[in-house]
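Biologist: Hey, have you got a few minutes to go through a structure with me? I'd like to start with the ligand and then wander around a bit.

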Amino acid sequence: MSKLTFARAINAGLRKSLENDPKVVLMGEDIGALGGVFRVTDGLQKDFGKHRVIDSPLAESGIIGTAVGLAYRGYRPVCEIQFDGFIYPAFDQIVSQVAKMHYRTQGRVKMPITIRVPFGGGIGSPEHHSESPEAYFTHTSGLRVVAVSNPQDAYTMIQQAIASDDPVLYFEPKRRYHDKGDVDESLDLSTALPLDRAAVVNTGTDVTLVSYGPLVKTAKDAAMAAADEGISVEVIDLRSLAPVDYPVVEASVRKTGRLVITHEAGQSGGLGAEIAASITERCFHYLESAPVRITGFDVPYPYSKLEMHHLPDLDRILDGVDRALGRPNSLSGLEG
Amino acid sequence: MLTDQAGKGVHQGTPGPGQSAQNPLRTGGDLLQLVSPEGDRISHPEFDVWVRDIGDEQLCSLYEDMTVIRRIDAEATALQRQGELALWPPLLGQEAAQIGSSRSLRDDDFVFPSYRESGVAYVRGAHLSEIARVWRGNASYGWDPQRINVATPQIIIGSQSLHATGYAMGVQLDGASTAVLAYFGDGATSEGDVNEAMVFAASYQAPVVFFCQNNHWAISEPVRIQSHVQLADRPTGFGIPSMRVDGNDVLAVMAATRVALDRARKGGGPTFIEAVTYRMGPHTTADDPTRYRDPNELEDWAAKDPILRLHKLLEAKGLLTEDVAARVKAKADAVAAELRSSCIDMPDPQPLDVFNHVYSTPNSWIERQKDHYSRYLNSFNQPVEEGAL
Ligand SMILES: Cc1ncc(C[n+]2csc(CCOP(=O)(O)OP(=O)(O)O)c2C)c(N)n1
């Protein structure tokens, strides 16, 4: 067991994958000598060479499009998109090509491509550097979408993503890159929790709080604060955003009868909407109140001086928990 | 009338040779240079005429602008280090490319910059607080684009080249004589957008000038990762003529830009300029170039410093009198002080500003979220009412 930052944990996972499988290649802008703008690929080009850790031209559609060709040829490309907001030039390749190739060829061509995306806000960046674009991709069949929330998962899930024969969008919460955590580097991938499974990270009985990526930590902190007030919150880390592991969420909601979902992305058409609808369908008779969403607002990600208002924080989540429980809250007395 | 920081009229652009409608265009290959790194004026049969109006006073004024924007750059970097700006993209080393090109523009010309063209914004009349506020995190746009005919800074690499081309197509539809200038870096030439912009510009012969500042680096990636040929050789494949100029030579940049703008105005279509320069600082204040850059390379380029070069020329001509030097220094000091105070005094945005301007007409989704958030904020001042939602 070692203590690693999030960024080092991903680095260690990438290193393992490069060592274990000669078909794994890394591609992206600035991932070589610089080690990526967040240093996630630090030292990998030095150790594995320029042919396996490739500094790509500044062209996102090019990075993903050539990865499609490499995958055709039997490689397992791991592409880094430097920041969430720069994935859009590659959107066409991802949704039209990467996502559909397996279906189109009835399984004859696999696209074992991993696309690493630092996502979310909270680091005071200029525009296009703090987006939460996951819903665009969860809406696209054929893609697996995961978001990691702690160094151990970051380490194992990057390897599972690379080993997956399906394309995986691997979202990294950039504001947590420097958070440290225990990482068991000897963990056997075959015994680790599978890539598409959710985890209950705090058990509770009064309300189910669902989150993923950067907000899992905030959700856990909120659960601790709620416990001080005698409220028992069960926190679920979704881990996989597509497909969502509904059985785990369902079981929890059947127990608590209440659901709060929190994410940084805007509310409309977001993952929270999908989960609220699905759980309402599956657990209608168990629900004691309407599901509550605590999300970013339906606005473009704001300039950095205002981002703390946009991002759900501990207090906003607790206010949502109060709403779910029918306790006094900021919207008390309002209809709908 | 656009005015710059000093309140003086923004430079009226190309006087052009008038009688000689000949546009000396060249492709790649040799670098256009009118002033050597030693500060000697190199005469050129075709291009001299394009800068013949640049007399002593004009040279001093170019020198002043370059010195001032270097000072803006230094002050902004210091402000970032002091936590007053969240980030700053330095333009150190690119002063001649930015001043030479932007001072070739006419007021009615329109500019589409990337994030690094603070010097261009200054020349076009952006207020210093407007230059600072994006980087302070107080707004996502700098200045009013319609006031100074400069689009808001673009962070998505290369996108603005398409916008510039579209604007130029609009100019064409209007039958106007405006020219459009798009700035981007060497890295940007790899993006689909820049290549698609060249396709459109060539197909419609749009009056747009693609001004590529080849500063040799795209963050940590040297230009050779972006292109196997000289950048100026690329556009010719799209049917766009190009020029390769010494980007640290303000006169050469001016001559080439004037040629291209004149060509655009006269219906000659798009032109590509590769200004060969060097980014002497980090990519942004968040970057550490020692991880990827050979310090010797920096030294070589320091010897070609654009301001030093003009300094030498002025000295040789006996123009750099104590008076002129003092005036330039005073101006730079004043601008730096104004940048600092306007940055520090900038009022913070209000929490509910987060909801403003998403749509031009009210939107019930957002109004509801705004109302809820305002109730939430108010709930901290007063105990929340009893009674559940
Ligand atoms: C679409 C997109 N991809 C990646 C980035 C991240 N990024 C910002 S600047 C930069 C390098 C740009 O280099 P260049 O075009 O040469 O311009 P320079 O910064 O040197 O002026 C990169 C990769 C971005 N802003 N937009």
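Modeller: Sure, one term before we start: a residue counts as near a molecule if one of its heavy atoms lies within 4 Å of it. Also keep in mind that this is a predicted model.

Biologist: Got it. So where does the ligand lie?

Modeller: The ligand sits between chains A and B.

Biologist: And how many residues surround the ligand?

Modeller: There are 20 of them, and the closest are A:Glu60, B:Tyr115, B:Arg116, B:Ile155 and B:Gly187.

Biologist: What kinds of residues make up that shell?

Modeller: The shell around the ligand has 10 nonpolar, five polar and five charged residues.

Biologist: Let's zoom in. Which distances do you have from side chains to oxygen atoms of the ligand?

Modeller: For B:Tyr115, an N or O atom of the side chain is 2.6 Å from an oxygen atom of the ligand. For B:Arg116, the matching distance is 2.7 Å. Then there's B:Asp186, with a polar side-chain atom 3.1 Å from an oxygen atom of the ligand.

Biologist: How much of the ligand's accessible area does the protein cover?

Modeller: On its own the ligand has 580 Å² of accessible area, and the protein covers 96% of that.

Biologist: OK, new topic: the two chains. How many residues are in contact there?

Modeller: On the chain B side it's 53 residues, and they are in contact with 49 residues of chain A. The area buried between the two chains is about 4300 Å², and carbon and sulfur atoms give 61% of it.

Biologist: What about salt bridges across the interface of chain B and chain A, how many does the rule find?

Modeller: Two. In one salt bridge, the side chains of A:Lys305 and B:Asp348 meet, at 3.4 Å from N to O.

Biologist: Why would two side chains pair up like that?

Modeller: Because side chains of opposite charge can pair when their charged atoms come close.

Biologist: Nice. And how many residue pairs are in polar contact across the interface of chain B and chain A?

Modeller: The rule finds 13 such pairs, with both residues at pLDDT 80 or more. On chain B, the elements giving two or more residues to the side that touches chain A are helix H4 (128–136) and helix H12 (364–378). H12(B) gives the most, with 10 residues. That side of chain B divides into 27 nonpolar, 13 polar and 13 charged residues.

Biologist: How many salt bridges does the structure hold over all chains?

Modeller: The count is 42 over all chains. For instance, A:Asp221 forms a salt bridge with A:Lys217, and their closest N and O atoms are 3.3 Å apart.

Biologist: Where do A:Asp221 and A:Lys217 lie?

Modeller: Both are in helix H8 (residues 215–228) of chain A, four residues apart, which is about one turn of the helix.

Biologist: Last thing, the backbone. Which residues does the cis peptide bond join?

Modeller: A:Ala242 and A:Pro243, with omega at about -5°. You'll find A:Pro243 in the loop between strand S12 (240–242) and helix H9 (246–256) of chain A. Also look at A:His128, which isn't a glycine but has a positive phi of about 75°. A:His128 is in the loop between strand S5 (114–119) and helix H6 (134–138) of chain A.

Note on methods. Residues are numbered from 1 along each chain as its sequence is written. Chains are lettered from A and ligands numbered from 1 in the order in which they are written. This is a predicted model: local features need pLDDT of at least 70, side-chain atom pairs count only at pLDDT 80 or more; totals for chains, interfaces and linings use all residues. Side-chain values use heavy atoms; hydrogens and water are left out. A polar contact is a pair of N or O atoms within 3.5 Å; within protein, one must be able to donate a hydrogen and the other to accept it, and residues adjacent in sequence count only if both atoms are side-chain atoms. Accessible areas come from the Shrake-Rupley method with a 1.4 Å probe; for residues, only the protein chains shown count as cover. Ala, Val, Leu, Ile, Met, Phe, Trp, Tyr, Cys and Pro count as nonpolar, Asp, Glu, Lys and Arg as charged, and the others, Gly among them, as polar. Contact means heavy atoms within 4.5 Å. Buried area is the accessible area (1.4 Å probe) that two parts lose on being put together, summed over both. A salt bridge is a side-chain nitrogen of Lys or Arg within 4 Å of a carboxyl oxygen of Asp or Glu.
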